[in-house]
Each structure stands twice: as C-alpha cells, then as structure tokens.
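Dear colleague,

I am handing over the structure we spoke about, and my notes on what I found in it follow below. Please read them with the coordinates open beside you.

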Amino acid sequence: MLPLAHAPAWIVASVLLVVTVLYLSLAPLTVPVNLPTHFDKVEHAAAYVFLVVWFTGLVAQPRYGRVVVALAVFGLMIEFLQAAMPLGRQGDPWDVLANVTGIGIGIALARWLTGGWALKAEAWLNRN
C-alpha cells in the first residue's frame with residue numbers, strides 16, 4: 001500500500017467496496033429488470049474499471065499486476081458462485097470476459113492517468 005496518512009480508512013472503504021460488489025453480484029433478483037440486451041456486460045465492465053482504478057490508487061505501480069490477478073480471480077469466483085447457487089443468478093462466461101475487459105481498461109487508465117490517486121486526494125484534503 002502507498003504511504004497514506006489515512007490508510008485504515010482506505011482499507012475499511014476497500015473492504016466495504018468489495019463486500020458491496022459481492023453482495024450485489026450474489027443477491028437474489030427479486031424484481032425483473034428490463035435492460036437492453038447485453039447491457040449487463042457494460043455494467044460488469046464499468047464495475048471492474050472502477051475496482052481497478054480504486055485499488056491502483058492505493059498501491060504502487062509495481063503492484064498493479066497483483067490488482068489485476070486479484071480482481072480477475074474475484075470476478076471468476078463470483079461467476080462460479082452464481083452458477084452454483086439456486087437463487088435466480090447464473091454464471092456466464094461472457095460476464096467473465098466483460099470483467100476482464102473492464103480490468104484492462106482500468107489498468108490502462110491507471111497507467112495513464114489515475115494511478116496513485118489516493119495520495120493526490122490526501123494531499124488535496126490536507127491543503128484545505
């Protein structure tokens with residue numbers, strides 16, 4: 001982790017983020033959702049872009065590979081859990097592809113623009 005002044009708060013926020021994504025991915029669908037065909041793939045990709053940008057903001061660039069692997073495993077695990085559970089969810093290999101696409105976009109953003117954002121956020125907060 002980067003040398004962040006508020007590291008415990010960032011860790012708590014990170015855990016809450018992961019738990020929220022896990023819950024939203026596994027919670028039973030109680031109300032049918034009418035979205036355009038394959039729109040959920042856009043949602044998957046966007047969620048994983050956000051996750052990558054979040055975590056690459058908290059770690060140094062040499063650790064980005066670990067972020068990629070951890071999030072890819074996380075997404076794959078969710079799809080296996082969805083396939084195994086009888087609560088109206090189903091595993092989908094296209095969701096895995098959407099997750100990996102989001103991870104790729106997120107890493108590109110991190111290397112180009114957003115990497116280490118938490119240090120910048122803390123510096124900004126300390127000035128104000």
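Which residues do ring pairs link into a cluster? The cluster consists of Trp10, Phe50, Trp54 and Trp117, and I return to it below after a few words on the chain as a whole. Please keep in mind throughout that this is a predicted model.

**The chain as a whole**

The chain holds 5 helices and 0 strands, so that reading from the N terminus the order of elements is α-α-α-α-α. Its C-alpha trace spans about 50 × 25 × 25 Å along the principal axes. Of the 128 residues in the chain, 38% are buried, and the accessible surface amounts to about 8100 Å², with 73% of that area belonging to carbon and sulfur atoms. Among the contacts with a separation of 6 or more, 78% are between residues 24 or more positions apart. As for charge, the chain has 7 positive and 6 negative charges, and the mean positions of the two groups lie 15 Å apart.

**The aromatic cluster**

The whole structure contains 4 aromatic pairs. One of them joins Trp10 and Trp117, which count as edge-to-face because their planes stand at 80°, with the ring centres 5.3 Å apart. This pair links distant parts of the chain, since Trp10 belongs to helix α1 and Trp117 to helix α5 (residues 117-127), with the two positions 107 residues apart in sequence. Trp10 is itself buried, at a relative accessible area of 14%.

A further pair, Phe50 with Trp54, is stacked, with 6.4 Å from centre to centre and 25° between the planes. Why are Phe50 and Trp54 separated by about one helical turn? Both lie in helix α2 (residues 39-56) and they are 4 residues apart, which accounts for that separation. In general, an α-helix has 3.6 residues a turn, so residues three or four places apart point the same way. The two partners nevertheless fall into separate accessibility classes: Phe50 is partly exposed because its relative accessibility is 47%, whereas Trp54 is buried because its value is 15%.

Trp54, placed in helix α2, deserves a closer look for its surroundings. When neighbours within four places in sequence are left aside, its contacts are Trp10, Ala13, Ser14, Leu17 and Trp117. As a distance for orientation, the C-alpha atoms of Trp54 and Trp124 are separated by 17 Å, these residues being 70 apart along the chain.

**Helix α2 and the loop before it**

Does the length of α2 agree or disagree with what its residue count leads one to expect? The 18 residues, taken at 1.5 Å a residue, should span 26 Å, and the end C-alpha atoms are 26 Å apart, so the two values agree. The buried residues of this helix are Lys41, His44, Ala45, Tyr48, Val49, Leu51, Val52, Val53, Trp54, Phe55 and Thr56. What covers them includes α1, α3 (64-84), α4 (93-114) and α5.

In the loop between α1 and α2 there is His38, whose phi is positive at about 65° although the residue is not a glycine. With a relative accessibility of 57%, His38 counts as exposed, and you may wish to view this residue on screen.

**The N-terminal part**

Leu4 sits in the segment before α1 and is buried, with a relative accessibility of 9%. Not counting residues up to four places away in sequence, Leu4 touches Trp10, Leu58, Ala118, Leu119 and Glu122, so that Trp10, a member of the aromatic cluster, appears again here. The C-alpha atoms of Leu4 and Leu125 are separated by 12 Å, although the two residues are 121 apart along the chain.

Ala7 is placed in helix α1 (residues 7-26). Is Ala7 buried or exposed? Ala7 counts as buried, because its relative accessibility is 17% and the cut-off for that class is under 20%. Ala7 and His44 are 37 residues apart in sequence, and their C-alpha atoms are 28 Å apart in space.

With best regards

Key. Residues numbered from 1 in each chain as written. Predicted model: local features only at pLDDT ≥ 70, side-chain atom pairs only at ≥ 80, totals over all residues. Heavy atoms only, no water. Buried < 20%, exposed > 50% of the residue type's maximum accessible area, 1.4 Å probe, protein only. Contact = heavy atoms within 4.5 Å. Areas by Shrake-Rupley, 256 points an atom, 1.4 Å probe, with all protein chains shown as cover. Lys, Arg positive; Asp, Glu negative; His and termini not counted. Charge placed at Lys NZ, Arg CZ, Asp CG, Glu CD. Phe/Tyr/Trp six-rings, centres within 6.5 Å; stacked < 30°, edge-to-face > 60°. Expected span 1.5 Å × (residues − 1).
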